[in-house]
Structure formats: C-alpha cells, structure tokens
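Me: I am new to this structure and would like a close look at a single part of it. Please keep the answer plain and connected.

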Amino acid sequence: MTKNSAYFRNKNKTQNQVVAIGERALVQCVKSWCPPSFESRFPGGIIPFWIPILPERPHSDAEILKFEPLHYHFDFRFWHDRLINLFFTDGETAEDWQARVQLACEVIEIKQVVRLCYRNIPILSADYNFLPRLEEAYSNCSLLHGNICPHKGYKLLPNTKHPNLGTCPGHGLAFNFKTGQLCRRKEFTQLDFS
C-alpha cells in the first residue's frame, strides 16, 4: 500500500486540525520555481521538495500591509530540518519565518501530501514592521466565530507554551482563547496565558 492511497490518507488528520509534534497530517504542498535569490541553492530553477503551505487560496495583503502580489503562507509545522536549512541560511530564526511567503506566480503544482509535524507554529517577532499595523487594524476585534482570525480567516493554532494563546499561522496575529481579545506582540512578556 502506498502513502498516496485513499486508505492511508483517511487515517491521518488534516492540517486544519490540531496536530501534535510527531503526528502525521494530510498537508497542502506546492512544487515551486525558486526565487532569484535562491538560484545558487537550487540549480535548475525548481525547488526539489514539496513545500508545505497553509490550505487557503492565494491572497493579496494590499489593504493594510501594502503587499499586492498574490501569495500563499507556508505551514512551517511540517517543514523538515533539511528544508528549513536550505531556505534559512542567513541567520534567520523561527521568529522570522512567517515574514516569508510563497508567491502564487512561482507555483508549478499543488497537491496534498502526508507529512510529519515537526514543530509548533512559530510566533512572529514583534519587530516586524507590518505586525503593529495589523494589530492596530484589529485592536477592537474579538473572536466571534470559534478560533478563526478576523483578518483573512485562517484557523488560529494553539501554542504549547501558552495553551490559551491562539496564533494566526498566516500573518501572526494572536488572540487569547479565554477572553477572545487580541494580544499585542509587544505585551507578550507581561501576559500570563496559563
């Protein structure tokens, strides 16, 4: 029986469910042309891995973030270390990862692949210039429809260090699951989510 059989796929969670480290899930992945800055890492111009992305349609962030190109967001929970080391070789840490996106124009193919969960979704650093703009735009929003981020509708993911903190895997907004209120990134050190 192959990994791609219907039987094998039906035995796994989907990436929209809570997936613990070490569990497998059916994950949306892309095969992609490499951006010009990565051409030396990927001779031939195609990244030779299926790259996990969030299972949403490509979108533009023109209205608040002034980033117009259609893009997908990566789902770093399912990136193995070799893939991370290929992409992030210039001193970036997990706090930097969410600032990277997959441009829709570079995608060659999309398919669902069974992948192992290696880590929690990283929490984006407060130093990113777009995060305060997002937090200001959504400062009066609270969670009304379950654990869905009001910005682009991504499902908020829990954090093992702070179980009542839900983080948007797309753009990094965070909400307190107990109160439903937005948590500003600069205030994380003062908040107790236990």
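Which residue in strand 3 is the bridge partner of Val30? Please start from there and describe how the strands are arranged.

Reply: The model is predicted. The bridge partner of Val30 is Ile51, which belongs to strand 3. That pair is a good place to begin, and the strand on the other side of it can be followed next.

Strand 2 covers residues 24-32 and strand 3 covers residues 51-52. The two strands run antiparallel and are joined by 2 bridges. Strand 2 also pairs with strand 1, made of residues 13-14; here the strands run parallel, again with 2 bridges. Within that pairing, Thr14 is placed opposite Leu26 of strand 2. A further partner of strand 2 is strand 7, residues 107-116, which runs antiparallel to strand 2 and is joined to it by 9 bridges. One point on this pairing is Gln28, which faces Gln112 of strand 7.

How enclosed is strand 2? Of its 9 residues, 8 are buried, so strand 2 is largely enclosed by the rest of the structure. Buried here means a relative accessible area under 20%.

The loop between strand 2 and strand 3 holds Ile46. With a relative accessible area of 34%, Ile46 is partly exposed, because this value falls between the 20% limit for buried and the 50% limit for exposed. Ile46 also takes part in a nonpolar surface patch of about 260 Å², together with Trp33 and Ile108.

Further along the chain there is an open sheet of 3 strands, in the order 4-5-6, with antiparallel pairing. Strand 4 and strand 6 are at its edges; each has a single partner strand, so each has one side without a neighbour in the sheet. Ignoring direction, neighbouring strands in this sheet are turned by 60° against each other on average. Strand 4 consists of residues 59-61 and strand 5 of residues 67-73, and 2 bridges hold their antiparallel pairing. In this pairing Asp61 has Phe67 of strand 5 as its bridge partner. Strand 5 is joined by 3 bridges to strand 6, residues 101-103, in the antiparallel sense. Two residue pairs can be looked up on that side: His71 has Leu103 of strand 6 as its bridge partner, and His73 is opposite Val101 of strand 6.

Another open sheet is built from 3 strands in the order 8-9-10, and its pairing is antiparallel. Its edges are strand 8, residues 157-158, and strand 10, residues 174-176; each has a single partner strand, so one side of each lacks a neighbour in the sheet. Strand 9, residues 165-167, runs antiparallel to strand 10 and is joined to it by 3 bridges. Leu165 is opposite Asn176 of strand 10.

Asn176 can be described in a little more detail. Its relative accessible area is 13%, and because buried means under 20%, Asn176 counts as buried. A polar atom of the Asn176 side chain lies 2.7 Å from the backbone nitrogen of Lys178.

To return to the starting point, Val30 pairs with Ile51 of strand 3. Strand 2 has bridges to strand 1, to strand 7 and to strand 3.

Conventions
Residues numbered from 1 in each chain as written. Predicted model: local features only at pLDDT ≥ 70, side-chain atom pairs only at ≥ 80, totals over all residues. Heavy atoms only, no water. Pairing = 2+ DSSP bridges. Helix = DSSP H or I, 4+ residues; strand = E, 2+ residues; numbered from the N terminus. Axes fitted to C-alpha atoms, helices over the stretch in contact; angles between N-to-C directions. Patch = residues over 30% accessible without salt bridge, like charges linked within 9 Å, V, L, I, M, F, W, Y side chains within 5 Å. Areas by Shrake-Rupley, 256 points an atom, 1.4 Å probe, with all protein chains shown as cover. Salt bridge = Lys/Arg side-chain N within 4 Å of Asp/Glu carboxyl O. Buried < 20%, exposed > 50% of the residue type's maximum accessible area, 1.4 Å probe, protein only. Polar contact = N/O pair within 3.5 Å; in protein donor to acceptor, adjacent residues only side chain to side chain.
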